[in-house]
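Visitor: I should like to learn how to read a structure of this kind. May we go through it feature by feature?

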Amino acid sequence: MWSWDAFFSILTSKQLLEGAWVTVWLTVVSMILGLVLAVVVAVARSSSFVVFRAVSGFYVWLMRGTPLLVQLVIIYTGLPQVGIKLGVIEAALVGLVLNEAAYLSEIVRSGLLSVPVGQTEAARALGMSPTKVFRVVVLPQALRVMIPPLGNSFNGLLKTTTLVSVISVQELLRRTQFLVQVNFRVLEGLCAAALYFLVLTTLWGLVQKRLELRAGRGYDRNYRRKGRTDMAALDTTVVDAEAVNR
């Protein structure tokens with residue numbers, strides 16, 4: 001029978017709160033490091049050097065083609081056999097970062113490729129340096145395209161962290177399992193953990209919405225003033241850039 005007392009006891013337990021904190025910081029750190037690595041991989045995949053493209057392409061193929069759970073077990077139990085010993089937290093971070101970077105690199109690469117070449121050429125014709133072209137022209141437009149899928153990836157990573165419980169990381173699910181073993185309330189414990197994840201993903205959804213509005217505020221004004229869709233506003237930007245080139 002369902003027990004509300006057991007549910008609220010697990011929900012408000014200190015162990016579950018600590019597990020939620022581990023989940024949050026593990027997600028944030030993995031996302032930041034994964035994004036940094038993703039930029040490197042995306043640049044390598046767009047490089048003119050065949051070796052860079054081959055190595056980065058193999059990395060993305062390998063990480064996306066094998067389950068994260070298998071990768072975590074290999075990193076935690078396989079690397080010590082070749083002399084590389086990692087703790088549970090280090091192994092979890094390495095596995096999450098390597099796996100997430102493979103997916104994020106495709107988001108970054110598609111975002112950069114979404115910026116019309118004519119706009120970079122027009123910026124260079126105005127005397128901008130390559131660094132300034134990337135910072136002022138390419139990156140703001142690419143971010144507008146990348147923020148929604150990056151936000152969704154962060155949302156998914158919050159829940160994916162449950163897999164690191166297989167190598168004994170004391171995150172939210174692992175703490176829930178301990179509490180369930182103590183009071184034998186499986187359903188109540190899992191529902192409490194699910195509620196924590198629901199709150200975390202909901203809060204992140206509000207942050208993501210704020211970021212999307214900020215990144216697309218110029219296009220939003222066009223939409224409200226002229227009644228155009230986002231794609232129509234983007235087409236207008238491309239046409240204007242092509243007119244500058246002519």
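Visitor: Is the crossing of α2 and α8 right-handed or left-handed?

Guide: The model before us is a predicted one. In it, α2 and α8 cross in a right-handed manner.

Visitor: How does one describe such a pair of helices further?

Guide: Two values serve for packed helices in general: the angle between the axes and the distance between the axes. Here, helix α2 (residues 14–45) and helix α8 (residues 172–183) have axes 7 Å apart, at an angle of about 160°. Angles over 145 degrees count as roughly antiparallel, and α2 and α8 are therefore roughly antiparallel to each other.

Visitor: Which residues make the contact between α2 and α8?

Guide: From α2 come Q15, L16, E18, G19, A20 and T23, and from α8 come L172, R175, T176, F178 and L179. By character, the residues of this contact of α2 with α8 are five nonpolar, four polar and two charged. The spacing of contact residues may be read with the helix turn in mind. An α-helix has 3.6 residues a turn, so residues three or four places apart point the same way.

Visitor: At roughly what angle do the axes of α2 and helix α5 cross?

Guide: The axes of α2 and helix α5 (residues 88–113) cross at roughly 45° and come within 6 Å. That angle makes α2 oblique to α5. The crossing of α2 and α5 is right-handed. The contact of α2 with α5 involves 19 nonpolar, three polar and four charged residues.

Visitor: How many helices and strands does the whole chain contain?

Guide: The chain has eleven helices and zero strands. Its pattern along the sequence is accordingly written α-α-α-α-α-α-α-α-α-α-α. Among contacts in the chain with a separation of 6 or more, 74% join residues 24 or more positions apart.

Visitor: What share of the residues of the chain counts as buried?

Guide: A residue is called buried when its relative accessible area is under 20%. On that basis, 39% of the 246 residues of the chain are buried. The accessible surface of the chain is about 14300 Å², and carbon and sulfur atoms account for 67% of that area.

Visitor: Which residues of helix α6 are buried?

Guide: In helix α6 (residues 117–125), the buried residues include G118, Q119, T120, A122 and A123. Let us take one of them as an example. A123, which lies in helix α6, has a relative accessibility of 3% and therefore counts as buried.

Visitor: With which residues is A123 in contact, leaving aside its neighbours within four places in sequence?

Guide: With those neighbours set aside, A123 is in contact with M128, V133 and V137. One may also compare positions by C-alpha atoms: those of A123 and V136 are separated by 9.2 Å, although the two residues are 13 apart along the chain.

Visitor: Where do positive phi values occur?

Guide: Three cases may be noted here. G127, just after α6, takes a positive phi of about 95°. S168 is not a glycine, yet has a positive phi of about 75°; its place is in the loop between α7 (130–160) and α8. F184, also not a glycine, has a positive phi of about 60° and is placed in the loop between α8 and α9 (186–215).

Visitor: Is F184 buried or exposed?

Guide: F184 has a relative accessibility of 70% and therefore counts as exposed. S168, with a relative accessible area of 33%, is partly exposed.

Methods:
Residues numbered from 1 in each chain as written. Predicted model: local features only at pLDDT ≥ 70, side-chain atom pairs only at ≥ 80, totals over all residues. Heavy atoms only, no water. Axes fitted to C-alpha atoms, helices over the stretch in contact; angles between N-to-C directions. Helix = DSSP H or I, 4+ residues; strand = E, 2+ residues; numbered from the N terminus. Parallel < 35°, antiparallel > 145°, perpendicular 65-115°, else oblique. Left-handed = near helix turned anticlockwise from the far one by under 90°. Contact = heavy atoms within 4.5 Å. Nonpolar A, V, L, I, M, F, W, Y, C, P; charged D, E, K, R; others polar. Buried < 20%, exposed > 50% of the residue type's maximum accessible area, 1.4 Å probe, protein only. Areas by Shrake-Rupley, 256 points an atom, 1.4 Å probe, with all protein chains shown as cover.
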